[in-house]
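Here is a brief report for a reader meeting this structure for the first time. It covers helix packing, an annotated domain and the empty spaces inside the model.

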Amino acid sequence: MSIQIGAIDLNLLLVLHTVLAERSVVRASERLHVTPSAISNSLARLRALLGDPLVTRKGRGIVPTPRALALAPAIARGLREMELALHEVPFETLRCQQTFTLAVSDAGQLTWVPRIAALMREELPNARLSVVGIDSLVSLGDLGSGQVDLHLGLAGEGAGLHFEPLLSERTVLVARRGHPALGKRLSARALGGLQHVRVDMVPGKSFRDAIAAAYARAGIPREVVMTVPSFTAAAAVVAATELVATLPESLVKEQGARLAVQPVDAPYPARSVKISMCWHERTHVDPAARYFRELVRRGVLP
């Protein structure tokens, strides 16, 4: 007799397991906190499904049939495995072999990821870190796909998402070494005469919009003649041309010399953007994901 597992109420298997363990309907009912009649009804339903009496009465106890005895080990093993799977095992850092995927801008990859990587090697030596650019996300909603565990960047919005603000990142206007705009304080008019490289990331367009809004509020024109998808690309263009660009201050402080760019002294309408961690509801209570978020938090905050 072939029976599909979907046709069986799994609670019936728990009842049979308990009756076989207790060898008594009454004791099984006490253990499961139900009435003896509820146990009898469950056994009757299972008998009808399996086409076997399963247990017969003998005095005040019961005797299992050969079919019940054959089923007993498999049912006991299955219930035990379910109990183990449902039990939350304490997270052990040294045993963690999970791969955590972090989406972050190229600026964050140069400033925060080295510190995060050092913490990973120290505290989660057997885990793996996969870093992807934020352009790997079409939208923050893609966090629900399971391909990315944590987004580090500008806050957004989306169903099932959690956000935790970490810091405010100031921006700075930069030019190449030896640029005519360096070495003196520029007037607002001179600032308005510069030509800009704009960083336009997906899903980080709010950075682009925040800078544009800051210039508009200050009444300073901003001529954008080139658009690139990353901060390092903007720095490379600036280092080779007379163009200027707006970059995160932390990137300029830590990598400005290597990138061959310097801050411009001008009445630049500096803008602070909020950097947040963002993750999906699917990993909100997972012990490993919680530990990883705490590790990233310590890697980002000074």
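## Helix 6 and helix 11

This is a predicted model. Helix 6 spans residues 113-123, and helix 11 spans residues 287-300. Their axes come within 8 Å and cross at roughly 135 degrees. Helix 6 is therefore oblique to helix 11, since angles over 115 and up to 145 degrees fall in the oblique class. The crossing of this pair is right-handed.

## The annotated domain

The UniProt record, an unreviewed entry, carries the annotation "domain: HTH lysR-type" for residues 8-65. Over that stretch the chain is 62% helix and 14% strand. The C-alpha atoms at the two ends of residues 8-65 lie 20 Å apart.

## Helix 1 and its partners

Helix 1 covers residues 10-22. One partner is helix 3, residues 36-50. The axes of helix 1 and helix 3 come within 9 Å. They cross at roughly 110 degrees, so helix 1 is roughly perpendicular to helix 3. Helix 1 passes helix 3 in a left-handed crossing.

Helix 2, residues 25-32, also packs against helix 1. Here the angle is about 125 degrees, and the axes are 8 Å apart. That makes helix 1 oblique to helix 2. The crossing of helix 1 and helix 2 is right-handed.

## The largest pocket

Empty space can be found by rolling a probe the size of a water molecule over the atoms. The largest pocket in this model has a volume of about 280 Å³. It is lined by 13 residues. Closest to the pocket centre are L10, L13, G78, L79 and M82.

Which helix supplies the largest share of the lining of the largest pocket? Helix 4 does, with eight residues. Helix 4 runs over residues 66-86. Helix 1 also supplies at least two lining residues. By class, the pocket lining has ten nonpolar, two polar and one charged residues.

## The largest cavity

There are two cavities of 30 Å³ or more. The largest cavity has a volume of about 210 Å³. Its lining holds 21 residues. Of these, S105, G153, L154, F231 and I275 are the closest to its centre.

Three elements each give at least two residues to the lining of the largest cavity: helix 5 (106-111), strand 5 (150-154) and strand 11 (272-280). The largest share comes from strand 5, with four residues. The lining of the largest cavity divides into 13 nonpolar, seven polar and one charged.

## The second largest cavity

The second largest cavity has a volume of about 40 Å³. Which residues line the second largest cavity? They are V197, R198, V199, F207, R208, I211, R222 and T246.

Strand 7 (195-199) and helix 8 (205-218) each supply at least two residues of this lining. By class, the lining of the second largest cavity has four nonpolar, one polar and three charged residues.

## In brief

Helix 1 takes part in two of the packings described here, with helix 3 and with helix 2. Helix 1 also contributes to the lining of the largest pocket. The largest share of that lining comes from helix 4. In the largest cavity, the largest share comes from strand 5.

How values were computed:
Residues are numbered from 1 along each chain as its sequence is written. This is a predicted model: local features need pLDDT of at least 70, side-chain atom pairs count only at pLDDT 80 or more; totals for chains, interfaces and linings use all residues. Side-chain values use heavy atoms; hydrogens and water are left out. UniProt positions are given in the numbering used here, feature names are shortened, and annotations may be inferred rather than shown by experiment. On a 1 Å grid over the protein atoms alone, a cavity is a set of points where a 1.4 Å probe fits but cannot get out, and a pocket is an open set with protein on both sides within 12 Å along at least five of seven lines; lining residues have an atom within 4 Å of a point. Grid points are joined across faces, edges and corners, and a volume is the space filled by probe spheres set on the points. Ala, Val, Leu, Ile, Met, Phe, Trp, Tyr, Cys and Pro count as nonpolar, Asp, Glu, Lys and Arg as charged, and the others, Gly among them, as polar. Axes are lines fitted to C-alpha atoms, for helices over the stretch in contact, and angles run from 0 to 180 degrees between N-to-C directions. Angles under 35 degrees count as roughly parallel, over 145 as roughly antiparallel, 65 to 115 as roughly perpendicular and the rest as oblique. A crossing is left-handed if the near helix is turned anticlockwise from the far one by less than a right angle, and right-handed if clockwise.
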